[in-house]
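Reader: Could you take me on a close look at the salt bridges in this model? I would like to hear how the charged partners are placed and what surrounds them.

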Amino acid sequence: MATVAMIAEEQATGRVKEIYEDIKDTLGIDFVPNMYRVMALRPGFLEANWNKVKEVMATPGQLDRLTREIIAVAVSAVSGCRY
């Protein structure tokens, strides 16, 4: 079985820890989703991707966040995404 390395929340330090906290605060959740924990192996990539996601999904605009998330799920399903 293949495994993917991740940085656990309790192991995060510095900028990764700050981004983890921002992810939880922005999304209103009490955990960091696995996809961000994997990205944390390359902190610059994590930061760039999180900034993009935050801008697209959490910044107020014409569509509310729930509608944006529904669209994202629909696009993932149509694209055959299994995550």
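Author: Gladly! One cut-off helps at the start: a residue is buried under 20% relative accessible area, exposed over 50%, and partly exposed in between. Because its relative accessibility is 35%, E21 counts as partly exposed. Please keep in mind that this is a predicted model.

The structure holds 6 salt bridges, and E21 takes part in one with K24, where the closest N and O atoms are 3.3 Å apart. Both residues lie in helix α1, separated by 3 residues, or about one turn of the helix. That helix covers residues 14-27. K24 has 15% relative accessibility, so K24 counts as buried. Beyond its neighbours within four places in sequence, K24 is in contact with E9, I29, D30, F31 and V32.

Helix α4 offers another pair to look at: R65 and E69 form a salt bridge, with 2.8 Å between the closest N and O atoms. These two sit 4 residues apart in helix α4, again about one turn of the helix. R65 is partly exposed at 31% relative accessibility, and E69 is partly exposed as well, at 30%. Returning to K24, salt bridges with shared partners join E9, E21 and K24 into one network.

D22 forms a salt bridge with K54, and here the closest N and O atoms are 2.6 Å apart. This pair links distant parts of the chain, since D22 belongs to helix α1 and K54 to helix α3 (residues 43-57), 32 residues apart. D22 is partly exposed with a relative accessible area of 24%, and K54 is partly exposed at 26%.

Methods:
Residues numbered from 1 in each chain as written. Predicted model: local features only at pLDDT ≥ 70, side-chain atom pairs only at ≥ 80, totals over all residues. Heavy atoms only, no water. Buried < 20%, exposed > 50% of the residue type's maximum accessible area, 1.4 Å probe, protein only. Contact = heavy atoms within 4.5 Å. Salt bridge = Lys/Arg side-chain N within 4 Å of Asp/Glu carboxyl O.
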